[in-house]
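Let's take a walk through a protein model together. Have the sequence and the 3D view open, and we'll go one piece at a time.

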Amino acid sequence: MTKMTLASYPHMLGFEQLERLVERTAKSGNEGYPPFNIEQTSDYSYRITLAVAGFAEDDLAITVEDRQLVIRGRQSDSPDGRIFLHRGIAARQFQRSFVLADGVEVGEAIMEHGLLHVDLTRAKPETVVQTINIRKG
């Protein structure tokens with residue numbers, strides 16, 4: 001069986017980076033923690049919402065690394081001497097990554113009722129028409 005790549009289509013030039021992005025996205029973990037939503041809030045904006053109950057703002061870090069939005073969470077262990085008879089609320093660390101297209105910028109992040117909202121905006125695409133002159137050889 002032959003692997004189909006974008007290079008297999010001769011009329012699609014310069015899409016090697018897109019192919020690498022797809023491979024990188026496929027390799028990123030598909031674990032289900034923490035659960036998240038992605039919604040389109042307008043024609044050019046999005047919101048990612050993660051359920052991060054039990055995490056404080058100081059326990060979370062949001063970075064953009066190589067066109068990838070990375071959200072990390074790590075709860076600090078509180079040495080308050082509590083003894084749990086049952087611990088069903090997850091207190092584990094996590095990392096969620098989202099690949100960003102060119103032109104997508106990360107806006108603000110808001111923590112509200114155990115949900116972390118991260119707003120994204122995409123630049124409005126410009127229509128470019130270019131005429132190429134033909135010269136005699």
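What follows is a short tour of a pair of strands, some charged pairs and a nonpolar core.

Before we start, keep in mind that this is a predicted model. A good place to begin is strand β6, which covers residues 104–112, and strand β7, which covers residues 115–122. These two run antiparallel, and 7 bridges join them. To see one partnership for yourself, find V104 and look across to β7: its bridge partner there is R122. Now follow the chain to the turn of this hairpin, where 2 residues sit between the strands. One thing to spot in the hairpin is H113, which takes a positive phi near 55°.

Next, let's look at charge. Side chains of opposite charge can pair when their charged atoms come close. How many salt bridges does a search of the whole structure find? The count is 2. One of them brings together the side chains of D119 and R47, with 2.7 Å from N to O. D119 belongs to strand β7 while R47 belongs to strand β2 (residues 45–51), so this pair ties together parts that are 72 residues apart in sequence.

Is D119 buried or exposed? Its relative accessible area is 16%, and buried means under 20%, so D119 counts as buried. Leaving out residues up to four places away in sequence, D119 touches Y46, R47, E105, V106, G107, E108 and I110.

The other salt bridge is between the side chains of R72 and E65, at 3.1 Å from N to O. Here both partners are partly exposed: R72 has a relative accessibility of 30%, and E65 has a relative accessible area of 36%.

Finally, on to the nonpolar residues. The largest nonpolar core has 15 residues. Which of them have the most contacts inside it? They are V52, L69, I71, F94 and L120. Strands β2, β4 (68–73), β5 (94–99) and β7 each supply at least two residues of this core. The largest share comes from β7, with 3 residues.

Try zooming in on F94. Setting aside its neighbours within four places in sequence, F94 is in contact with Y33, P34, L50, V52, F55, L60, I71, R72 and G73. You've already met a couple of these: V52 and I71 are also among the core residues with the most contacts, and R72 is the salt-bridge partner of E65.

Note on methods. Residues numbered from 1 in each chain as written. Predicted model: local features only at pLDDT ≥ 70, side-chain atom pairs only at ≥ 80, totals over all residues. Heavy atoms only, no water. Pairing = 2+ DSSP bridges. Helix = DSSP H or I, 4+ residues; strand = E, 2+ residues; numbered from the N terminus. Salt bridge = Lys/Arg side-chain N within 4 Å of Asp/Glu carboxyl O. Buried < 20%, exposed > 50% of the residue type's maximum accessible area, 1.4 Å probe, protein only. Core = buried A, V, L, I, M, F, W, Y, C linked by side-chain atoms within 4.5 Å. Contact = heavy atoms within 4.5 Å.
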